[in-house]
Amino acid sequence: KRLSVSHAFHSVLMDPMLDDFRAVVGELSFREPTIPIATTGDVTDPEYWVRHVRDAVRFHDAVTQLQGAGVTRFVEVGPDGVLSALVEEGIAMQRRDRDEALTLVAAVGRFFTTGGAVDWRAFFSGRGRQVDVPTYAFQRERYWLREQRSGGDAASMGLGQVEHPLLSAVVPSPASDGVVLTGRLSVDALPWLADHDVFGSVLLPGTAFVELAVEAGDEVGCGTLEELMLTAPLVLPATGGVALQVVVDVPDGVGRRAVSVYSRADATEAPWALHAEGVLSARTPAPAFDLGQWPPAGAEPVDVDGLYDALADAGLNYGPVFQGLKSAWRHGDDVFADVALPDDVDGSTFGVHPALLDSCLHAIGLAGRTDGRTMLPFSWSGVTLHAVAASRVRVRISPAGEGAVTLRLADADGNPVASVESLALRPVSEDQLASSSVESLFRVEWSPVSASPVSADVVVLEAGAAGAD
């Protein structure tokens, strides 16, 4: 009975107000909303808004409708946080008696951290300037501290210091005149190595073995790498690294020294794998070439567009650091090329940066000397540096007998940088690299021979032959 009286009294008070409200709302123009909304009626009907004065809002029904449509976050835009308190994870953009700007920024931040999308460019418009921030570790351009190449100062461990990116220390032998240079290689410490991708494996380029041998020669006063044969590939692991040793033997009677390059995986007791062996010489011949006129008179331009796509199809997936061939020309049997390191790669700490020298070799295919096969350096002869730290070179490639070429490198002014009397390349396959990271590309195979009787005079003849075995 009391409820009926109260309801009647409320109606007496509300009806005149509703009439006035209806009169005002009836003069307004309504359009369909451009932002989707959840509602329990037709918002373009003035009576919808009149009913809202007296009838229940049915807020729960609206929230349920939104959740059924996939809505997971609720933001209240109003003078206080009233409705947002009624839903889980509701966010109020304003709070009564709180600083408006701080409350708004805190609400936007909370919305973003719970997975909402925020137009930050619009939010910061007119507020300062945009700057780059450190990127994530798995992106190429990075600001994170890189892995250190060595565990401490070489001198503190009784070793000699070597100022070279691929080597850290030198150990002279107290019983002889031989030395051992040591270092550690990893893709983390030397990211540019990852750009030398051969059939999906990161391979230490053959030019890096040349750089190691030349550095070892400088350490013992030998200015020429007479010979270097690559016996097994050095595949770098995706994580971790490999220990490196360059062993230089005592000199022979004419000042020549044997040099060998070994590696083994980090923190293992595995046997050392031999990757390259050769001979160093104390002789330093003067350069006998001139590349001052460039390009040479009569040379015909060669189109190099698409070269690296073709190399990738052949399994040589070179990254930007190893894509140094810029232009090329052909004159008779010779090929001339411009080769450069990227601007962000420092070649000043190398004799010749391995990526720069490797890019010179990419022009060999322009002379048709690879027969379409995937070729890698195998044997180097007569390598001499005439200058160091070049970042851009001119190169002349000439035939040097069956399956070999000579290289002549000069700087941008035509001054000699390096010469290679002979470089032989050999084909390589994906199976050869996949079989073992330390297996030689070449091996000795024994073939059985007949055990038929041999006459005595033939035995005597072979035994007496010079050099017979």
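This briefing introduces the confidence, strands, helices, aromatic pairs and nonpolar cores of the structure shown above. The structure is a predicted model, and its chain has an average pLDDT of 85. A score of at least 70 is reached by 85% of the residues. Strand β15 is largely enclosed by the rest of the structure, because seven of its seven residues are buried. The largest nonpolar core holds 82 residues.

**Confidence along the chain**

- Over residues 1-9 the pLDDT stays under 50, and the model shows zero contacts beyond four places in sequence for this stretch.
- Over residues 436-440 the pLDDT likewise stays under 50, but the model has twelve contacts beyond four places in sequence for these residues.

**Strand β15 and its partners**

- Strand β15 spans residues 334-340, and both of its faces are covered.
- One side carries Asp-334, Phe-336, Asp-338 and Ala-340, while the other carries Val-335, Ala-337 and Val-339; all of these are buried.
- In a regular strand, side chains alternate between the two faces of the sheet.
- Strand β14, residues 325-331, runs antiparallel to β15 and is joined to it by six bridges.
- The two strands β14 and β15 make a hairpin with two residues between them. In the turn, Gly-332 has a positive phi of about 65 degrees.
- Strand β17, residues 392-399, also runs antiparallel to β15, with six bridges joining the two.
- Asp-338 of β15 has bridge partners in both neighbouring strands: Ser-327 in β14 and Arg-394 in β17.

**Helix α8**

- Helix α8 covers residues 354-361 and is mostly covered, with eight of its eight residues buried.
- The buried residues include the polar-named positions Asp-358 and Ser-359 as well as Leu-356, Leu-357 and Leu-361.

**Aromatic pairs**

- The structure contains ten aromatic pairs.
- In one of them, the ring centres of Tyr-48 and Trp-49 are 4.9 Å apart and the planes stand at 85 degrees, so this pair is edge-to-face.
- Tyr-48 counts as buried because its relative accessibility is 8%, whereas Trp-49, at 35%, counts as partly exposed.
- Phe-112, Trp-120, Phe-123 and Phe-124 are linked into a cluster by ring pairs.

**Strand β18 and Thr-406**

- Thr-406 belongs to strand β18, which comprises residues 404-410.
- With a relative accessible area of 14%, Thr-406 is buried.
- Thr-406 and Val-420 are 14 residues apart along the chain, yet their C-alpha atoms are separated by 5.5 Å.
- Beyond its neighbours within four places in sequence, Thr-406 is in contact with Arg-396, Ile-397, Ser-398, Ala-400, Val-420 and Glu-421.

**Nonpolar cores**

- Within the largest nonpolar core, Trp-380 and Leu-407 touch the most other members.
- Helix α6, residues 206-220, supplies the largest share of this core, namely eight residues.
- Not counting residues up to four places away in sequence, Leu-407 touches Trp-380 itself. Its other contacts include Leu-361, Val-395, Ile-397, Ala-418, Val-420 and Leu-423.
- Another core, of seven residues, lies apart from the largest one. Among its members are Phe-289, Leu-291, Ala-299 and Ala-410.

Notes. Residues are numbered from 1 along each chain as its sequence is written. This is a predicted model: local features need pLDDT of at least 70, side-chain atom pairs count only at pLDDT 80 or more; totals for chains, interfaces and linings use all residues. Side-chain values use heavy atoms; hydrogens and water are left out. Buried means under 20% relative accessible area, exposed over 50%, partly exposed in between (1.4 Å probe, protein chains only). Helices (H or I, at least four residues) and strands (E, at least two) are DSSP runs, numbered from the N terminus. Two strands pair if DSSP finds at least two bridges between them. pLDDT is the predictor's confidence in each residue, from 0 to 100. Contact means heavy atoms within 4.5 Å. Rings of Phe, Tyr and Trp (its six-membered ring) pair if their centres lie within 6.5 Å; planes under 30 degrees apart count as stacked, over 60 as edge-to-face and the rest as tilted. A nonpolar core is a set of buried Ala, Val, Leu, Ile, Met, Phe, Trp, Tyr and Cys residues joined through side-chain atoms within 4.5 Å.
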